[in-house]
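Biologist: Hi! Could you walk me through this one?
Modeller: Happy to, let's put it on screen.

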Amino acid sequence: MSWQQVVEQTVVGLGYELVDLERSAGGLLRVTIDWPWDATQAQVRFITVEDCERVTRQLQYVLEVEAVDYRRLEVGSPGIDRPLRHARDYERFVGEIVDVTLRAPIGAAGGGAVAPGRKKFRGVLRRGEAPGAWQLELVEDAPVKSAAKPAAKPTRRAAEPAPVQVLGFTLDEVREARLAPIVDFKGRRLRGAADDA
């Protein structure tokens, strides 16, 4: 059994999900854990310091027994920019804003709507129409207001909503995907909570 399998088996055995596992050349072993996702559970559970301590103690024991060589062990939560690695991660975070980096540039498939060399996109994650297909409703960055230019005069005509651009993809086309690190400093709200609640 490999050391990766030992770590995963230990983490899962304690009731957590192994999100990420990293081993650096300097001997650092970094383990990222989360609670397993349950679609029927209404309340979101967060990893605490006590959870990390519990996993750390068990991993130290198991890694010593298995004679895994490492210098330092770090166990932590995935944070606000949690990586999406498996199909279940995508299912879990449908409706959230994510950053997706494709393996290859969009090329001619962009149809002129986006730069052909573009690989990185931010948008709201949606299920695709076909099994295994996903969509990203692209979110463009808000324009930065310049202090040098005077404010535009208000018009009486209602602003037309911008058309939504949608990027379709499969997991095989994704090099990396993460939750977009969006922080609300005005109030503590859970990610995905309704603004008008």
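Modeller: One term before we start: a residue is called buried when its relative accessible area is under 20%. Keep in mind, too, that this is a predicted model.
Biologist: Fine. What percentage of the residues in the protein is buried, then?
Modeller: Buried residues come to 30% of the 197 residues in the protein.
Biologist: And how much area does the protein expose?
Modeller: About 13900 Å², with carbon and sulfur atoms supplying 51% of it.
Biologist: Switching topic: how many helices and strands are there?
Modeller: The protein has three helices and eight strands. Reading from the N terminus, the order is α-β-β-α-β-α-β-β-β-β-β.
Biologist: Which strands form the open sheet, and in what order?
Modeller: The order is β7-β6-β5-β4-β8, so five strands with antiparallel pairing. At the edges sit β7 (166-170) and β8 (174-179), each of which pairs on one side only. From one strand to the next, the twist averages 40 degrees.
Biologist: What holds paired strands together in general?
Modeller: Strands of a sheet pair through backbone hydrogen bonds, and the pairing can be parallel or antiparallel.
Biologist: Let's zoom in. How many bridges join β4 to β5?
Modeller: Five bridges link β4 (residues 97-102) with β5 (residues 120-127), and the two strands run antiparallel.
Biologist: Which residue in β5 does I97 stand opposite?
Modeller: I97 faces V124 there.
Biologist: Last one: among contacts with a separation of 6 or more, what share comes from residues 24 or more positions apart?
Modeller: Those residues account for 59% of such contacts in the protein.

Note on methods: Residues numbered from 1 in each chain as written. Predicted model: local features only at pLDDT ≥ 70, side-chain atom pairs only at ≥ 80, totals over all residues. Heavy atoms only, no water. Helix = DSSP H or I, 4+ residues; strand = E, 2+ residues; numbered from the N terminus. Buried < 20%, exposed > 50% of the residue type's maximum accessible area, 1.4 Å probe, protein only. Contact = heavy atoms within 4.5 Å. Areas by Shrake-Rupley, 256 points an atom, 1.4 Å probe, with all protein chains shown as cover. Pairing = 2+ DSSP bridges. Axes fitted to C-alpha atoms, helices over the stretch in contact; angles between N-to-C directions.
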